Amino acid sequence: MNLPYAEPFRIKMVEEIYQSTRAEREQWLKEANYNLFNLKSSHVYIDLLTDSGTGAMSDRQWAALMTGDESYAGSRSFEQLQNTVERITGFKYLLPTHQGRAAENVLFSVLVKEGDVVPGNSHFDTTKGHIEFRKAHAIDCTIDEAFDINDLHPFKGNINLEKLEAVYKNHPKESIPFCLITITCNSSGGQPVSLENMKAVKALSDQYGIPVFFDSARFAENAYFIKKREQGQENRSIKEICKEIFSYGDGMTMSSKKDGLVNIGGFIALNSEEIFRKASNFTIIYEGFITYGGMAGRDMAALAVGLDEATEFAYLESRISQVEYLGNKLIEYGIPVQKPIGGHAVFIDSLNFLPNVSREEYPAQTLGLEIYKEAGIRTVEIGTLLADRDPETRQNRYPKLELVRLAIPRRTYTNNHMDYIATAIKNVYERREEIAKGYKITWEPEILRHFTVQLEKA
Ligand SMILES: Cc1ncc(COP(=O)(O)O)c(/C=N/[C@@H](Cc2ccccc2)C(=O)O)c1O
């Protein structure tokens with residue numbers, strides 16, 4: 001009999017988590033203005049709000065913390081990180097930042113100006129926010145299959161080359177600073193981009209003289225899907241595939257809080273010395289000197305180890321199998337989810353789940369609140385709230401998919417927790433007809449409203 005899969009690690013430290021009653025949770029939601037970001041972590045039993053910075057570090061990463069070099073300039077830890085980034089990505093120049101959106105802020109301060117357009121697959125919230133904040137426009141060229149949750153296309157993060165070429169033809173080259181490929185594609189459900197598509201995007205972009213950058217938050221998970229799903233890749237190592245991925249780009253931004261396996265950190269990595277020099281000035285203004293950029297030496301040391309661990313097949317097989325385990329349980333219960341299951345999260349289609357809640361009353365947010373009430377599980381809305389209002393018309397932008405994301409932190413929960421989550425969602429699904437009213441906004445900020453929006457029952 002074949003031996004079953006099991007984690008390639010054992011647990012050496014645990015952190016207590018707390019159960020609560022439904023009555024307590026209903027009160028806490030009211031106090032939180034029905035925004036799950038406002039809950040105290042001690043009021044959350046299983047936290048699926050994000051996979052960003054919420055994973056567990058390894059013993060070797062904790063050991064690396066003790067060796068951190070906190071020198072202001074020329075830190076040994078920076079050198080370790082720089083060598084690791086170059087070895088994995090091939091990019092020569094490195095600028096650390098305190099997290100991913102800081103890397104976007106620095107790089108876009110150099111490359112993005114008012115009136116520009118930035119095509120790509122689906123840009124995620126802070127990335128789009130940093131483009132629109134500069135009065136530029138993000139253009140989503142994702143393949144149409146990505147928006148049919150039942151279509152089993154293996155690479156739903158792919159860019160439609162006709163859509164991309166139309167952008168290149170309809171806008172002057174000077175107003176297209178770069179094409180951005182997000183790997184994996186968070187907004188379409190943690191869906192990967194194939195090597196073939198990356199290669200074709202790079203060739204088309206070279207033809208029009210447009211640079212290509214990667215938003216690389218979950219690049220290792222993308223490489224895993226390439227190895228498992230793309231013809232001819234099955235015998236290559238994750239690290240070999242990563243090197244080829246980045247060979248199709250001119251640079252990258254990175255939120256190390258995901259596939260860096262650390263709790264804080266980000267970076268920019270580039271081949272262009274000119275862009276590096278210009279971005280260095282903004283790093284000094286916004287983040288810190290260019291050999292630490294808002295990160296402590298110890299965090300850079302832990303990140304150097306984390307990047308090596310995150311690009312190992314055994315770890316990725318374990319991490320992604322757990323997400324798939326939860327996704328398959330929900331599919332077994334008949335719950336509408338984005339398929340194939342994403343790399344870092346399971347995404348529930350709230351429009352199919354709650355047909356009686358109108359889009360104007362934020363069905364995905366409504367479902368997330370019901371799941372919390374049911375079992376103390378925190379999720380996040382990836383739908384109209386996250387999509388923000390149109391910068392010009394200030395009208396709600398209704399995305400094709402109205403999703404509740406169950407983001408699974410790395411090396412943190414067991415499959416018992418996955419079973420608990422699946423049962424809780426099944427319970428809500430069985431009473432979905434009773435849920436007919438959603439929520440309305442009582443206050444929201446100008447941009448990136450989903451983090452701080454305040455709501456009340458409609
Ligand atoms: C593809 C991609 N590119 C850049 C960044 C910015 O990186 P950073 O500034 O956060 O380090 C992110 C952040 N993604 C977080 C954001 C979030 C959303 C909801 C709840 C909590 C957090 C998430 O998906 O969970 C990302 O996904």
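A polar contact here is a pair of N or O atoms within 3.5 Å, where, within protein, one atom must be able to donate a hydrogen and the other to accept it. In this predicted model, one such pair ties the side chain of Lys258 to that of Ser255, at 2.9 Å. Lys258 sits in the loop that runs between strand S7 (251–255) and strand S8 (266–270). With a relative accessible area of 12%, Lys258 falls under the 20% cut-off and so counts as buried. Setting aside neighbours within four places in sequence, the residues in contact with Lys258 are Asp51, Ser52, Ala217, Arg218 and Arg410. As for annotation, an unreviewed UniProt entry puts the feature "modified residue: N6-(pyridoxal phosphate)lysine" at Lys258.

Helix H5 (residues 125–132) is another spot with plenty of cover. Because 7 of its 8 residues are buried, helix H5 is largely enclosed by the rest of the structure. The buried set is made up of Asp125, Thr126, Thr127, Gly129, His130, Ile131 and Glu132. Among the elements covering these residues are two helices, H4 (100–111) and H15 (384–387), along with strands S3 (117–120), S4 (137–140), S5 (179–182) and S6 (212–215).

Out on the surface, Phe9, Ile11 and Val14 make up a nonpolar patch, and together they offer about 330 Å² of accessible area. Phe9 belongs to the segment that comes before helix H1 (22–31). Its relative accessible area of 35% lies between the 20% and 50% cut-offs, so Phe9 is partly exposed.

Conventions: Residues numbered from 1 in each chain as written. Predicted model: local features only at pLDDT ≥ 70, side-chain atom pairs only at ≥ 80, totals over all residues. Heavy atoms only, no water. Buried < 20%, exposed > 50% of the residue type's maximum accessible area, 1.4 Å probe, protein only. Helix = DSSP H or I, 4+ residues; strand = E, 2+ residues; numbered from the N terminus. Contact = heavy atoms within 4.5 Å. Patch = residues over 30% accessible without salt bridge, like charges linked within 9 Å, V, L, I, M, F, W, Y side chains within 5 Å. Areas by Shrake-Rupley, 256 points an atom, 1.4 Å probe, with all protein chains shown as cover. Salt bridge = Lys/Arg side-chain N within 4 Å of Asp/Glu carboxyl O. UniProt positions renumbered as here; feature names shortened; annotations may be inferred.
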